[in-house]
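Work through the following exercises with the sequence and the model open beside you. Try each task before reading its solution.

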Amino acid sequence: MSQLAVGLTSGVVIHVRGDLSKDRTVKQKVIYEGEEPITGLGFREQTKSTILFIVTTDSIMSYNTTANKPTVTTLDEQGCDLGCAVMSDVQEMVVGRDEAIYFYDSTGRGPCFAYDTPKSSLTWFKSNYLVIVSPPVTTSTHLSSATRSTLSFGPKRNAAVSELTKITIFDTANKFIAYVGTFVGGIRGVFCEWNSVWIVGMDGKVYHLDEKDTPTKLEILFKLNLYVLAINLAHMQKYDDASIAEIFKKYGDHLYSKGDYDGAIEQYIRTIGQLEPSYVIRKFLDAQRIYNLTNYLQELHSQGLANADHTTLLLNCYTKLKDVSRLDQFIKNDSDLNFDLETAISVCRQAGYYEHAVYLAEKFLEHDLYLDIVIEDMRDYDAALNYIRKLTPHEADKSLQKYAKTLLTHLPDQTTQLLIELCTGGLPIANGRNSEEVQSPTPSAKNTTAALQTLSILPFAGTPADSGSIRSDSSGANGIGTPNGTSETKVNRRSGLSYAPPSARIFMPAFVERPDCLVKLLERVYEQRWGNSAEKIAQATSDAASVRSYGTDKPQPNGTHNTLSPQEKEERRTIWNTLLELYLMDEHPVPLTSPTLLPQGHNQLSDRERQKRRKEFRVKALALLKDDSVEYDTNQALVLCQLKQFDEGIVYLYERTGMYTDILRFWMDKEETDRVIESVRKYGPKDSSLYPMVLTYFSSNPETLSKSTPELLSVLNHIDSQDLLPPIQVVQALSQSNVATIGLIKRYIGKKIEHEREELKQSEELISSYREETEKRRNEIEELQTSSIPMKMVSP
């Protein structure tokens, strides 16, 4: 103890400084002199100073004992009676007046508690209890008969005159009266020791007050419906979250039973994380309480404790309330995702809030959901195409496999152009909506199989070999679709592509109602990926003109091109076959949809235009057949040309395979005399068996003979000049019908007879010369055998 203050009834305060237990002398100083008696003193120790509170009957002051020039500062112009001032455990001066209880610190008056009753003394207990003693009541007339009957007066005490003292214990932290008791006969004093309150009565008795344990206090408060006090008490006693949440639950149940649903939901919100949400949800499922339920569910989501069912329920609440602003706030919140995304999108779609569903799908890169909403619900096909164009090639491939047919129905030209860019490697990848590594759009085997099964019902169905895709299998074999495949690397380097384009075959089923767009797609893919340019088609078209000279042309050998992988060769062959079928359709490939689904402004072609387009496509078909870079199946192409009655294609394929007899017979069956003449001129030098056939054809009927007489004579002259056939075969060929006459071949026969005669004469002369020569040789031999011949010796 280093400081001591003494207050006198004379109004003087003496400050003593020093250690009273050790020092013989201490310093004393009168720090205050007033006219009113001193009723209370108390020290407050602060960080760098010590404050002395001085209380009189008419004022409250403070005195800084550690200041260089300490002065007395008035804090309040009202004081208190003796015994009504006490220091709290936090070193605040507590002053009791009749109307209230006041708290003072070094700066002045602080909080106060209204408690309107006379007070004779104050005692501080523990950290938050204030024991208030009221003046005794000295006559029984102040009490009612009922109150007097409850009090037990001693037998020696006069029932008419007695003292009754009331003691109140006030909880300053929780702001409620913790205890009220009356003591007959008055009390001598109150003191607090050993965690209890001791009361000494005038009758010589000592009363002991013990504080109840916390669970008992809570039960009492629950019975009195004082849940706020119970919550504060639980916090002071440092209860765990689960226990405090249980009190909030009881409080919420109490308010709910009273019909205060707004207050109840506030308490239930404080139980989130401890109380099962279904308990609260069941209470507020009624339509009139949806607003309160919305608040609870929204807080549940903000704390990240909601599941898919809670998200569904919250969004349904928003839609029921038509609260678009709160729905916007919930959906378009920039914070982390705190709800089930697919559930939120599904509920928004069902409620018709497509913009919110699209916002979520686009924000969190749910490409399938975005496109499904835009196409199926909003029917905004332009937005869908623009979105797909911004995807990576891999994602664009997946999306177009699913939605290409629908998009082609409504936006055929734009969709076809997008597919062209994708399948030719021209789709930009810099605008991808995610930062992941760009993947090559390689379709799965399942999708390819399903696509080909659908394709088989179309008039331009491919061969069974079409089941392959432009990618390697999982074993890592080189293929164009393999990210690490050798073939893909070569193809990309050669063509300058930034990714391996997908196979156009997988998109063919989507064009079932738009074969015209399919033609455009396959032409562009074939042209850009394998160099089938317009110049080649034009060149092939010009080559289709008839040749008017005999046997000067030779079939062109198959051209050699850059080395392609087996998968790419198969891809090119499939596209070639499909294009050929489309070109050879009985009519021009126009949309097969009903007129109601045709785009606005689309008119059916007139007969003249149809014939023109038919001719144009037949020319393109012939150009395909003449593309030597494709190793197509000639027999399959021939069957297709025969089914579609494509004469030029049939003739070209016959020529390609050296079937000149079939070419001639083909035109004979069609009675195309000009074509027969053209063919025999072109192919006769390669196959002499064509001439008897053509002679037979020319003499088959009078009309043909009359039309082809000059040509027949020309053929005869050609046969004669080239000595291709003996006259007997010519005669036999012409004699198969009764049309040709001797006069027709008189010149030919006469010429052949004259020629034979000349040859006979020459042969006879040659025989005669041979005979003379032979006779001469025989004579020489005989002479050598019978005559001697002199011999000369020649010296070496």
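**Exercise 1. Decide whether Ser503 is buried or exposed, and find what its side chain contacts.**

Solution. Begin with accessibility: Ser503 has a relative accessibility of 1% and therefore counts as buried, where buried means under 20% relative accessible area, exposed over 50%, and partly exposed in between, with a 1.4 Å probe and protein chains only. Next, place the residue in the chain: Ser503 belongs to the loop between helix H17 (486-495) and helix H18 (515-530). Helices (H or I, at least four residues) and strands (E, at least two) are DSSP runs, numbered from the N terminus. Then follow the side chain, which makes a polar contact with the side chain of Glu571 at 2.6 Å and reaches the backbone nitrogen of Arg505 at 3.1 Å. A polar contact is a pair of N or O atoms within 3.5 Å; within protein, one must be able to donate a hydrogen and the other to accept it, and residues adjacent in sequence count only if both atoms are side-chain atoms.

Before going on, keep in mind that this is a predicted model, in which local features need pLDDT of at least 70 and side-chain atom pairs count only at pLDDT 80 or more, while totals for chains, interfaces and linings use all residues. Residues are numbered from 1 along each chain as its sequence is written, and side-chain values use heavy atoms, with hydrogens and water left out.

**Exercise 2. Work out the order in which S16, S17 and S18 form a sheet.**

Solution. Take the pairings one at a time, noting that two strands pair if DSSP finds at least two bridges between them. Strand S16 (residues 187-193) runs antiparallel to S17 and is joined to it by six bridges; one of the pairs is Ile187 with Gly201. S17 is in turn joined to S18 by five bridges, again antiparallel, and here Ile199 is partnered by Tyr207 and Val197 by Leu209. The result is an open, antiparallel sheet of three strands in the order S16-S17-S18. Because S16 and S18 stand at the edges with a single partner strand each, one side of each is left without a neighbour in the sheet. As a last step, consider burial: five of the six residues of S17 (residues 196-201) are buried.

**Exercise 3. Which residues in the turns of the two hairpins have a positive phi?**

Solution. In general, most residues other than glycine have a negative phi. The S16-S17 hairpin has two residues between its strands, and Trp194 in that turn has a positive phi of about 55°. Asn195, in the loop between S16 and S17, also has a positive phi, of about 60°, although it is not a glycine; Asn195 is exposed, at 55% relative accessible area. The S17-S18 hairpin has four residues between its strands, among them Gly204, with a positive phi of about 85°.

**Exercise 4. Describe the lining of the second largest pocket by its residue classes and by the elements that supply it.**

Solution. Start with the count: 18 residues line this pocket, and Ala178, Tyr179, Glu211, Lys212 and Lys217 lie nearest its centre. Sorted by class, the lining holds 14 nonpolar, no polar and four charged residues, where Ala, Val, Leu, Ile, Met, Phe, Trp, Tyr, Cys and Pro count as nonpolar, Asp, Glu, Lys and Arg as charged, and the others, Gly among them, as polar. Finally, strand S15 (176-184), strand S18 (206-210) and helix H2 (214-223) each supply at least two lining residues, and S15 gives the most, with four.

Conventions:
1 Å grid on protein atoms, 1.4 Å probe; cavity = no way out; pocket = protein on both sides within 12 Å on 5 of 7 lines; lining within 4 Å.
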